[in-house]
Amino acid sequence: MTAYPRAELEEMVERWLEANRNAEKEGNWAKYLGAMYTDDAEYRWNIGPNEEFVARSRKEIEEWALGVQMEGFEEWRYPYHRILIDEKLGEVIGLWRQVSPALREDGSHYEVAGIGGSWFRYGGHYKWEWQRDFFDLGNVKALFFELAADGKLDPAVKRKIGKLAKGQLLPGHERLRKQSGLWKRLKGVIAMVRIALINK
């Protein structure tokens with residue numbers, strides 16, 4: 001971790017926000033954001049208790065994080081509402097929302113509840129060398145269920161969910177440990193049902 005002039009980090013953030021706005025306008029994330037990572041950058045986020053997304057180079061970030069992962073989300077918006085800069089560590093935290101283009105009957109946009117954000121480490125030369133996203137996975141799943149029930153889930157997202165449901169990992173997805181067997185998972189379901197029904 002290296003200290004950088006605050007003005008340089010502020011300029012990096014402004015360039016990043018502008019690139020995000022351009023990506024949203026065109027629905028092309030790799031085109032505008034890919035160049036903002038070092039060649040050996042790492043980008044990751046968690047996808048539950050036993051799965052992580054990891055891209056370990058600018059190439060993987062462009063192809064997986066900004067490519068495959070963003071299929072079906074080309075028209076979504078991710079407006080930032082707070083940026084925190086630590087020039088001593090060379091790190092930035094940006095808090096954002098996840099807003100679908102689809103509208104509910106009342107005219108409001110479907111939006112992921114809770115808070116989302118990105119934790120960045122600056123690598124100099126106006127590029128990120130590391131990024132970790134965080135968001136409320138339970139709220140993401142709940143919104144996907146709502147979009148699916150209302151017939152508004154994008155076909156590309158449906159295809160990806162179908163693959164994951166069959167146990168097929170998407171590019172960049174990694175298991176954190178060996179998966180539990182069917183019997184152990186079933187025991188967990190039974191235990192939770194008992195707790196819910198008879199508090200034991």
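**Exercise 1. The aromatic cluster and its pairs**

Which residues form one aromatic cluster? Describe the pair of Trp-16 and Phe-120, and then the pair of Trp-119 and Trp-130, by ring geometry, place in the chain and accessibility.

*Solution.* The model is a predicted one, in which local features need pLDDT of at least 70 and side-chain atom pairs count only at pLDDT 80 or more, whereas totals for chains, interfaces and linings use all residues. Residues are numbered from 1 along each chain as its sequence is written, and side-chain values use heavy atoms, with hydrogens and water left out.

Step 1. The cluster is formed by Tyr-4, Trp-16, Tyr-37, Tyr-43, Trp-45, Phe-53, Phe-120, Tyr-122 and Trp-128. Rings of Phe, Tyr and Trp (for Trp, its six-membered ring) pair if their centres lie within 6.5 Å, and planes under 30 degrees apart count as stacked, over 60 as edge-to-face and the rest as tilted. The structure holds 14 aromatic pairs.

Step 2. In one of these pairs, the ring centres of Trp-16 and Phe-120 are 5.3 Å apart and the planes stand at 70 degrees, so the pair is edge-to-face. The pair links distant parts of the chain, given that Trp-16 belongs to helix H1 and Phe-120 to strand S7, 104 residues apart. Helices (H or I, at least four residues) and strands (E, at least two) are DSSP runs, numbered from the N terminus. Trp-16 counts as buried because its relative accessibility is 4%, and Phe-120 counts as buried because its relative accessibility is 1%; here buried means under 20% relative accessible area, exposed over 50%, and partly exposed in between (1.4 Å probe, protein chains only).

Step 3. Trp-119 and Trp-130 also form an edge-to-face aromatic pair, with 4.9 Å centre to centre and 85 degrees between the planes. Trp-119 lies in strand S7 and Trp-130 in strand S8 (residues 128-134), so this pair ties together parts that are eleven residues apart in sequence. Trp-119 is partly exposed, with a relative accessible area of 32%, whereas Trp-130 is buried, with 13%.

**Exercise 2. The largest nonpolar core**

How many residues does the largest nonpolar core have, and which element gives the most to this core?

*Solution.* Step 1. A nonpolar core is a set of buried Ala, Val, Leu, Ile, Met, Phe, Trp, Tyr and Cys residues joined through side-chain atoms within 4.5 Å. The largest such core has 38 residues, and those with the most contacts inside it are Trp-16, Tyr-37, Ile-61, Trp-76, Trp-128, Phe-144 and Leu-147.

Step 2. Among the elements that give two or more residues to this core are helix H1 (6-26), helix H3 (58-65), strand S7 (116-122) and helix H4 (137-149). H1 gives the most, with seven residues.

Step 3. Contact means heavy atoms within 4.5 Å. Leaving aside its neighbours within four places in sequence, Leu-147 is in contact with Trp-76, Ser-100, Ala-102, Tyr-110, Lys-152 and Leu-153.

**Exercise 3. A loop residue, Gln-69**

Where does Gln-69 lie, and is Gln-69 buried or exposed?

*Solution.* Step 1. Gln-69 is placed in the loop between H3 and strand S3 (80-86), and it counts as buried because its relative accessibility is 13%.

Step 2. Not counting residues up to four places away in sequence, Gln-69 touches Trp-45, Phe-53, Trp-64, Lys-160, Leu-170, Pro-171 and His-173. The C-alpha atoms of Gln-69 and Leu-137, which are 68 residues apart along the chain, are separated by 15 Å.

**Exercise 4. Backbone angles in the loop between S7 and S8**

What is the phi of His-125, and what is the phi of Tyr-126?

*Solution.* Step 1. Most residues other than glycine have a negative phi.

Step 2. Phi of His-125 is near 55 degrees, a positive value in a residue other than glycine; His-125 lies in the loop between S7 and S8 and is exposed, with a relative accessible area of 72%.

Step 3. Tyr-126 is likewise found in the loop between S7 and S8, and has a positive phi of about 60 degrees although it is not a glycine. Tyr-126 counts as partly exposed, at 28% relative accessibility.
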